[in-house]
Every structure is written in C-alpha cells, then in structure tokens.
Amino acid sequence: MANLFLKQAKQYVATRPSYPPELFDFIASKTLRHDLAWDVGTGNGQAAASLAKLYKAVVGSDTSAQQLAYASPLPNVRYVHTPADLPLAGIHAAVAQPATVDLITVAQAFHWLDLPRFYAQARSVLRPAQGVLAAWCYTEPRVGAAVDAVFWRLYHGSERYWAPNRRMVDDEYRSADFPFDPVDGESHTGPLEFSTERRMDLGDYLMYIASWSAYQTAKDEGVELLDEATVHEFEAAWGGDGKEVKTVTYPIFLRIGKSIQSSCHQLLFGWIQLHTFYGGAYLGDILHS
C-alpha cells in the first residue's frame with residue numbers, strides 16, 4: 001500500500017481533509033484512561049497530532065517511511081516505521097508492551113490492513129476490557145450538484161485503477177469484520193457518522209484528485225484522469241476562473257469498539273504474553289496454532 005503514495009506524499013499533506021475535534025472528543029470519551037494511544041497507519045501524523053492533545057503519550061506507526069518524513073514532531077508523539085511483516089514481539093518492542101494501550105486509532109488506513117493479523121496485535125496491546133479500537137474513513141467530497149456530477153463521472157470511470165481494498169471505503173466500513181464489543185453508551189459498533197469541511201479553490205480540489213492512489217496508478221499506465229476535457233468540465237461546473245473558494249464536505253464513518261474479554265480471550269491473552277516472551281512468536285503462529 002505504501003508504494004501507492006510515495007509519489008504523492010506532498011500532495012497528500014496539502015490536500016487531504018483534517019478530522020474534526022468532535023470526532024476525537026467522542027472517541028476519547030470512550031476510554032477510561034488517557035495514558036497511551038497508538039495511531040496505526042499514521043501517515044503524516046495528522047490524527048496523531050490531534051490525539052496528542054488528549055492522551056499523555058501517542059505512538060504513530062506506518063509502513064511508509066516517506067509519509068512519516070512529513071509528520072510534524074511533537075513532544076509527546078513518537079513515530080515508528082513498522083514493516084508490514086513485523087512480528088508480535090516486534091510490535092511489543094517498537095510500539096507498546098502488552099495490555100498498556102488505552103486507544104488504537106486507524107484513520108483512513110483500516111482497509112489496507114491484514115485484519116486478522118492486526119486484530120491479534122490490537123488485542124495483545126490493548127488494556128483488557130478497557131482498551132478501545134476506533135477506525136474511520138472519509139468518503140468522497142461533496143461541493144454542489146454541478147461539481148459533484150462531474151466528480152462522480154470521473155470517480156466511476158476510475159474504478160479499474162483503485163485497489164480492491166477501496167471497496168471497503170465505498171461501503172463506509174459497514175461490512176468490515178469488526179469483532180469488538182460496543183463501547184459504553186452505544187448499542188453497536190457503527191459506523192457512526194461525522195463530517196469534516198475544507199475550504200478549497202479549484203486548484204486545491206484538482207490537487208486532491210491528483211493525490212489519489214488511483215490517479216498515480218492510471219498515470220503509470222499512461223492514462224491521465226485529469227485530461228483537458230475533464231478539467232474543462234470542472235472549470236465550467238466550478239464557475240468563474242476557478243479561484244472562488246468553496247466549502248468541500250467529506251462524510252466520515254467511524255467503527256468503534258472495546259476489547260472482548262471472555263474467559264477464552266483472557267486465556268489467549270495470557271498465552272500470547274508467555275509465548276511472545278519465550279519464542280518471539282509471529283502473529284500467524286498465534287492465530288493458527
């Protein structure tokens with residue numbers, strides 16, 4: 001996944017929407033403690049920076065060193081480059097010790113994860129019966145009827161260039177396997193809906209499209225998604241000379257849950273700790289033993 005974004009890291013930082021404070025306030029209200037948060041797939045550290053205002057310490061991890069290079073340093077945030085095949089012992093060494101994490105977040109990266117492997121990692125480091133996992137995505141932007149009509153023609157025309165994982169975002173994470181209990185005050189694990197806004201002129205908006213992984217994949221195959229005709233369509237729909245700044249709204253969909261702590265899970269957690277201590281087990285060993 002990381003390779004899809006290597007050529008677009010600067011555009012990604014410049015054009016992607018930020019997440020609203022109310023999203024983080026809601027998530028933080030569901031953890032009993034606020035000592036340690038782990039932001040998985042942190043990218044440029046956008047979510048980690050918001051978590052740093054609410055948690056004493058934050059670890060932001062990513063498989064892309066280039067994305068991490070654009071993360072802003074903060075005194076209570078530690079960034080870690082984690083290879084995709086890092087074993088559980090490596091997670092404990094680089095990220096967090098077992099049963100010490102209050103919150104794990106995954107912002108716009110959940111659909112790239114090997115979920116069984118990730119869930120084993122999450123259950124190992126989350127505080128038993130207290131730790132919370134929150135994963136969210138934003139879907140495609142809304143501007144207005146005219147611009148949105150051009151956008152959706154382009155988006156549907158680009159489907160072959162998106163990785164299959166992208167379907168999880170189109171589905172708003174609704175059908176994703178999410179084996180966690182509802183957090184206190186909620187009857188289900190979501191998705192719960194939020195939204196965020198960004199002010200953009202047409203140039204910013206087109207740069208957002210150019211930051212798509214699908215845009216780079218098409219370009220590598222010799223296809224320009226933002227060809228002259230498409231850009232002209234956007235110009236006509238945007239109005240004026242494209243310099244008018246418009247409000248662009250991104251819907252956000254959140255899955256959130258807490259650790260399942262049946263007696264079986266407690267036994268498994270203890271076994272993971274013992275097996276990791278003695279053998280440095282890979283997650284696959286744990287899942288399939």
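How many of the residues of strand β5 (residues 132-138) are buried? Seven of its seven, so to speak the full count for this mostly covered strand. Keep in mind that this is a predicted model. The protein chain has a mean pLDDT of 87, with 85% of its residues at 70 or more. Here's a quick tour, with β5 as the main stop.

**Overall picture**
- The protein chain holds 14 helices and seven strands.
- It has 289 residues, and 51% of them count as buried.
- Take the contacts in the protein chain with a separation of 6 or more: 78% of them are between residues 24 or more positions apart.

**Where to be careful**
- Residues 1-5 have pLDDT under 50 throughout, and the model gives them 12 contacts beyond four places in sequence.
- Residues 271-289 also have pLDDT below 50, and this stretch has 30 contacts in the model beyond near neighbours in sequence.
- Where pLDDT is low, the predicted coordinates shouldn't be read in detail.

**Strand β5 and its two faces**
- β5 is covered on both faces.
- One side carries Val132, Ala134, Trp136 and Tyr138, and each of these is buried.
- The other side carries Leu133, Ala135 and Cys137, which are buried as well.

**Who pairs with β5**
- Strand β4 (residues 103-107) runs parallel to β5, and five bridges join the two.
- In that pairing, Leu103 sits opposite Val132 of β5.
- To get from β4 to β5, the chain goes through helix α7 (residues 115-125), making a right-handed β-α-β crossover.
- Strand β7 (residues 246-258) pairs with β5 too, this time in the antiparallel sense and over seven bridges.
- Across that pairing, Ala135 faces Arg255 of β7.

**Lys30, a buried charge**
- Lys30 lies in the loop between α3 (21-28) and β1 (36-40).
- Which side chain of opposite charge is nearest to Lys30? That would be Glu186, 4.0 Å away.
- Lys30 is buried, yet it has no salt bridge.
- Leaving aside neighbours within four places in sequence, Lys30 is in contact with Val132, Val183, Asp184, Gly185, Glu186 and Ile256.
- One of those contacts, Val132, brings us back to β5, where Val132 is among the buried residues and stands opposite Leu103.
- Another of them is Ile256, and residues 246-258 make up β7.

Terms used. Residues are numbered from 1 along each chain as its sequence is written. This is a predicted model: local features need pLDDT of at least 70, side-chain atom pairs count only at pLDDT 80 or more; totals for chains, interfaces and linings use all residues. Side-chain values use heavy atoms; hydrogens and water are left out. pLDDT is the predictor's confidence in each residue, from 0 to 100. Contact means heavy atoms within 4.5 Å. Buried means under 20% relative accessible area, exposed over 50%, partly exposed in between (1.4 Å probe, protein chains only). Helices (H or I, at least four residues) and strands (E, at least two) are DSSP runs, numbered from the N terminus. Two strands pair if DSSP finds at least two bridges between them. A crossover is right-handed if, with the strands pointing away from the viewer, the path from the first strand over the helix to the second runs clockwise. Lys and Arg count as positive and Asp and Glu as negative; His and the chain ends are not counted.
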